[in-house]
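Here are a few exercises to work through with the model open beside you. Try each one before reading its solution.

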Amino acid sequence: MSFVPVILWTDGLIFALLGGVLALVWFIRRHPHLSAPWAAVARRPMATGAALVLAVFVVIGLLDSLHYRARLSDSPPGRPQYSVEVLSVFDKLVGKLRTHQEKTYSAPLAMQLYAKEFVERDGASVRDYPRLKYGGAHLKRADERMPDIVRRALVGVAQGLAVGVLLFGLLAAWQTRRRRIALRPWLASWARGGLSWPGRTLVLVVALLLMLGAVTVRLAAGYHVFGTDKVGQDVLYITLKSIRTGLVIGTLTTLVTLPLAIVLGVAAGYFRGWVDDVIQYVYTVLNSIPGVLLIAASVLIVQVAIEANPERFDTAAARADIRLLALCLIMGVTSWTGLARLLRGESLKLRTLDYVEAARAFGVSHARIISRHIFPNVFHLVLISIVLDFSGLVLAEAVLSYVGVGVDPSMYSWGNMINGARLELAREPVVWWQLTAAFTFMFTLVLAANLFADGVRDAFDPRREGRP
Amino acid sequence: MLSYILRRLLYAVPILIGVNLLTFALFFVVNTPDDMARLQLGAKHVTPEAIDRWKVEHGYDKPLLLNERAPGSARFTDTIFFRHSAAMFAFRFGKGDDGRDIGNEIRTRMGPSLAIALPVLLIGVLVNVTFALLMVFFRATYLDLWGVVVCVVLMSISGLFYIIAGQYFIAKLWNLLPISGFAGGIDGFRFILLPVLVSVVAGIGSGARWYRTIFLEEIGKDYVRTARAKGLSEVRVLFRHVLKNGMIPILTGVVVLLPLLFMGSLITESFFGIPGLGSYTIDAIQAQDFAVVRAMVFLGSFLYIVGLILTDISYSWVDPRVRLR
């Protein structure tokens with residue numbers, strides 16, 4: 001084999017999570033009372049549009065979670081040796097973005113380096129901006145750059161539109177055939193927004209995403225779309241690689257939070273007495289420590305542990321991955337208290353309701369009462385808190401990396417990008433592209449998550465029914 | 001009332017003990033002083049002598065919980081736990097790695113922290129309440145709808161962006177205010193303006209949206225309908241009735257934060273070079289100064305618990321229906 005698959009800890013957990021989500025989707029689809037609120041989410045234009053954007057991020061993150069180590073080309077056929085560099089399927093797909101490395105900074109879509117150097121020209125050595133090795137290398141003269149960029153962008157838009165129209169045609173054909181109506185009335189009701197799902201938003205968002213994607217691909221083939229960083233690496237590549245880190249932190253942390261919050265919160269509310277006292281004590285103690293400090297203290301300790309056992313990690317990626325996992329664990333352990341308190345309050349109310357009393361009178365066991373009567377009635381709170389927490393966690397990563405207790409410095413993350421680039425604003429001329437790229441991508445992900453979360457909350461929270 | 005406060009104070013003691021035990025476990029049991037010394041001394045192959053010397057210098061050369069060799073009560077007092085953890089209850093924090101007394105640092109750095117944090121809180125609440133009231137006044141119109149969307153957009157922007165953009169545009173490009181720094185007295189005014197402005201703007205998104213929900217909840221209640229039925233104008237209803245009752249959750253939310261203001265804000269202070277407790281903490285984390293981090297954890301929890309007690313007292317003060325016994 002020319003490669004050996006590598007399953008990092010977070011990879012395994014992410015795919016386990018994906019499996020869990022798919023199983024949950026299958027379960028929900030079979031129960032009409034569970035799928036009704038999701039149908040309500042899908043009817044909201046904002047929420048569906050946001051979900052589409054999120055889906056793009058998730059796909060990139062998943063592709064970036066399939067890791068492997070390539071076989072060294074000079075290794076003997078009998079005993080294969082593999083590179084220490086851990087790559088992912090995503091790296092393979094974007095190929096040249098990763099390997100096209102310049103010398104140092106260059107502006108977005110530039111064909112020259114950011115700094116002046118001595119270059120040979122007509123036999124004499126002059127001080128000028130040298131040409132980039134890859135960015136705009138196909139151009140002969142500087143004045144060809146702008147027309148070339150515009151041409152590539154237009155071709156990209158056209159291609160994106162073409163694919164969009166094709167997809168729309170397929171959608172129309174499928175819908176009209178399924179509902180046995182003519183194309184014209186279906187188009188009319190689509191344009192009016194009269195469909196049972198937000199058709200206009202969906203088509204618009206897909207078309208926009210396709211165009212953006214196509215333009216980026218077109219431009220990235222000849223240029224560094226977001227420029228290059230200090231060591232000459234393509235900023236677009238770094239930004240895209242950071243998506244996985246953000247997603248891992250946003251999802252795996254919740255995975256840690258959930259069991260703690262559900263078990264402890266429901267137990268405290270349902271059993272009351274000394275169980276309640278102990279659990280309340282534990283979460284008051286955890287809550288009273290300022291969050292960042294507790295995370296910082298724990299991360300420092302994990303760092304010491306990792307540095308004390310360097311022999312356990314065969315690659316740098318494995319070490320960075322353990323630190324990422326530890327960060328998720330720590331953030332999960334410090335952030336379950338809010339949800340636990342909420343679940344405790346709700347369980348306190350539920351346990352006095354007639355049907356729970358009746359179940360108890362029939363001699364139903366505690367475990368059964370909790371799983372059949374209490375948990376299904378607090379599940380909406382769990383779901384709302386998962387989607388609401390996600391965006392906060394993605395933002396927290398950047399702050400923690402700035403404090404120095406975030407992900408490993410060698411890992412691609414928006415926090416590390418911002419941290420590394422913020423001092424470059426003092427340069428003349430300003431190096432603005434790294435910060436802009438990181439903030440733009442982070443903003444897009446968080447905004448999409450927030451809009452989606454609002455949709456989910458409005459659909460699931462029974463108190464919000466009929467309210468704007 | 002007095003007995004209630006006393007009881008709450010007593011209840012705080014086990015929580016502080018819990019915090020203390022947790023930090024003790026984190027810093028000394030999971031992670032032995034030897035590990036700390038190795039991290040601090042840096043090199044991969046440090047000699048055992050160097051580690052011992054470091055431990056003696058920082059007072060970490062004692063046994064953890066029980067000193068078998070010491071006579072009398074020193075068996076318990078001449079230990080790491082007593083000297084470094086139990087001593088915190090007397091607010092004796094010892095010395096940081098730079099040799100300075102932590103208690104002293106805390107006292108001098110509280111002022112600058114407060115100079116930033118207090119205006120941020122007060123102006124922030126004022127601005128957020130104003131925006132929230134405007135949105136509620138125009139509720140169910142496009143103004144309200146777009147107000148909420150703007151709030152979501154504002155809260156989706158990273159806090160770091162507000163700071164970096166504020167420093168770059170206001171201080172560097174337009175030269176309106178100093179980029180960072182601090183000075184005492186009246187000179188300090190121009191230094192605190194930018195951090196306060198940035199922090200307030202960064203908080204508008206989540207703050208205004210949160211207050212809007214509170215006011216909307218209040219506006220659906222019966223007494224509001226009665227007030228309208230009496231023929232009061234919408235403005236009067238909003239300001240005399242809704243605002244007054246909505247202030248109860250707002251005020252109690254603010255009171256719990258009051259003591260924590262002393263701790264300052266980690267990020268803001270370190271970006272703007274404010275010599276407060278926030279930048280002190282961040283420097284300690286980056287220098288891996290465990291003694292300072294431990295002290296700040298204890299101080300933070302103490303102030304949080306004080307905040308909780310103040311919240312309960314303020315409840316009974318603003319809401320006559322609540323009686324503390």
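A nonpolar core here is a set of buried Ala, Val, Leu, Ile, Met, Phe, Trp, Tyr and Cys residues joined through C-beta atoms within 7 Å. Keep in mind that this is a predicted model.

**Exercise 1.** Find the residues that touch the most other members of the largest nonpolar core.

*Solution.* Start with the core itself, which has 157 residues. Ala296(A) and Val293(B) come out on top for contacts with other members. Next, ask who supplies the core: H9(A) has the largest share, with 18 residues. Now zoom in on Val293(B). Leaving out residues up to four places away in sequence, Val293(B) touches Leu293(A), Ala296(A) and Ala297(A), plus Ala284(B) and Ile285(B). Finally, look for another core lying apart from the big one: there's one of 17 residues, including Val125(B) and Met135(B).

**Exercise 2.** Break down the side of chain A that touches chain B.

*Solution.* Count residues to begin with: 37 come from chain A and 36 from chain B. Then go by helix: H10, H11 (291-308), H15 and H17 (433-460) of chain A each give at least two residues to that side. H11(A) contributes the most, 10 residues. Last, sort chain A's side by class, and you get 28 nonpolar, six polar and three charged residues.

**Exercise 3.** Check the length of H13(A), then see what covers its buried residues.

*Solution.* Helix H13(A) runs over residues 337-350, so at 1.5 Å a residue its 14 residues should span 20 Å. The end C-alpha atoms are 20 Å apart, which agrees. Its buried residues include Arg341(A), Leu343(A) and Arg344(A). Among the elements covering them are H9 (235-271) and H14 (354-361) of chain A.

Terms used: Residues are numbered from 1 along each chain as its sequence is written. Chains are lettered from A and ligands numbered from 1 in the order in which they are written. This is a predicted model: local features need pLDDT of at least 70, side-chain atom pairs count only at pLDDT 80 or more; totals for chains, interfaces and linings use all residues. Helices (H or I, at least four residues) and strands (E, at least two) are DSSP runs, numbered from the N terminus. The expected span of a helix is 1.5 Å times one less than its number of residues. A residue is buried if 20 or more other C-beta atoms lie within 10 Å of its own, exposed if 12 or fewer, and partly exposed in between; C-beta atoms are placed from the backbone. Two residues are in contact if their C-beta atoms, placed from the backbone, lie within 7 Å. Ala, Val, Leu, Ile, Met, Phe, Trp, Tyr, Cys and Pro count as nonpolar, Asp, Glu, Lys and Arg as charged, and the others, Gly among them, as polar.
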